[in-house]
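Hi,

Here is the structure I promised to pass on to you. Please have a look at it first, and then read my notes underneath.

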Amino acid sequence: MAKVNPGEFFRQVRAETAKVVWPTRKETVMTGVMVVIMTTLLGIFFFGVDSAFSAIVQALLGLLS
């Protein structure tokens, strides 16, 4: 791989950054809202699953005593 001097490197970085399609504010907000909704739903789901397994384990341990 050829070595590039710092000036050329920054020109290449700037050229590549210009090609990036940045999301709009609306897209960013909608993505953030979807992330919050999905993490909330997954949190509730895993809380339910954990509670069910906990109840099952407690019931099984209760049979031992």
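Below is what turned up, starting with the charged pairs and ending with a surface patch.

Please keep in mind that this is a predicted model. A search of the whole structure gives two salt bridges. As a reminder, side chains of opposite charge can pair when their charged atoms come close.

One salt bridge joins R11 to E8, with 3.3 Å between the closest N and O atoms. Both residues belong to helix 1, which covers residues 6-18, and they are about one helical turn from each other because they sit three residues apart. R11 is exposed, at 52% relative accessible area, while E8 is partly exposed, at 30%.

The other one pairs K19 with E16, and here the closest N and O atoms are 3.1 Å apart. K19 has a relative accessible area of 58%, so it counts as exposed. For E16 the value is 47%, which makes this residue partly exposed.

Now to the nonpolar side of things. V29, V33, M34, I37, M38 and L41 together make a nonpolar surface patch of about 520 Å². If you would like one residue to start from, try M38, which is found in helix 2, residues 25-64. How accessible is M38? Its relative accessibility is 41%, so M38 is classed as partly exposed. A residue needs over 30% relative accessible area to be part of a patch, and M38, at 41%, meets that cut-off.

Happy to talk any of this through whenever it suits you.

Best wishes

Key: Residues numbered from 1 in each chain as written. Predicted model: local features only at pLDDT ≥ 70, side-chain atom pairs only at ≥ 80, totals over all residues. Heavy atoms only, no water. Patch = residues over 30% accessible without salt bridge, like charges linked within 9 Å, V, L, I, M, F, W, Y side chains within 5 Å. Areas by Shrake-Rupley, 256 points an atom, 1.4 Å probe, with all protein chains shown as cover. Salt bridge = Lys/Arg side-chain N within 4 Å of Asp/Glu carboxyl O. Helix = DSSP H or I, 4+ residues; strand = E, 2+ residues; numbered from the N terminus. Buried < 20%, exposed > 50% of the residue type's maximum accessible area, 1.4 Å probe, protein only.
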